[in-house]
Amino acid sequence: QVQVVESGGGLVQPGGSLKLSCVASGTFFMVHAMGWYRQAPGKEREWVAGGTSSGTSSVADSVKDRFTISRDNGKNTIWLQMNNLKPEDTAVYYCKAGVRVRLQENTRDFWGQGTQVTVSS
């Protein structure tokens, strides 16, 4: 069983900061790529940032001057530091983990339940 749990969302004023955390836990062989997605009301889910187990990472162009991704492979944890938040960043932020449950199996994607980020004065 694999669990992916996000935390750190909340209400913040424009210009403020939040740091989201995501942990993959359970019984599995290895976590490969982990990433952040967001979905605003009435919009499709979009990719925000991601990091691989080999250390590479990337952030969407739309937020790369404000968001930073980091990862601790040993803890199967990924963080999203969000600075200078804007009302348009309001969304539910989801974490996705690519997990190889058993060595002989293919990697599968597991999603968290999401954490709400609201940017409003």
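These questions and answers go through the aromatic rings and a surface patch of a predicted model.

User: What should a reader know before using the values?

Analyst: Because the model is predicted, local features need pLDDT of at least 70 and side-chain atom pairs count only at pLDDT 80 or more, while totals for chains, interfaces and linings use all residues. Residues are numbered from 1 along each chain as its sequence is written, and side-chain values use heavy atoms, with hydrogens and water left out.

User: Why is the contact of tyrosine 94 and tryptophan 111 called an aromatic pair, and what makes it edge-to-face?

Analyst: The ring centres are 6.5 Å apart with 80° between the planes; rings of Phe, Tyr and Trp (its six-membered ring) pair if their centres lie within 6.5 Å, and planes under 30 degrees apart count as stacked, over 60 as edge-to-face and the rest as tilted, so both conditions are met. The whole structure has 2 aromatic pairs, and ring pairs link Tyr37, Tyr94 and Trp111 into a cluster.

User: How do you know whether tyrosine 94 is buried or exposed?

Analyst: Its relative accessible area is 14%, so tyrosine 94 is buried, given that buried means under 20%, exposed over 50% and partly exposed in between (1.4 Å probe, protein chains only). Tryptophan 111, at 35%, is therefore partly exposed.

User: Why is arginine 45 said to sit over the ring of tryptophan 111?

Analyst: Its charged end is 4.7 Å from the ring centre, and a charge sits over a ring if NZ of Lys or CZ of Arg is within 6 Å of the ring centre and within 35 degrees of the ring normal. Arginine 45 also lies over the face of tyrosine 94, 3.7 Å from that ring centre.
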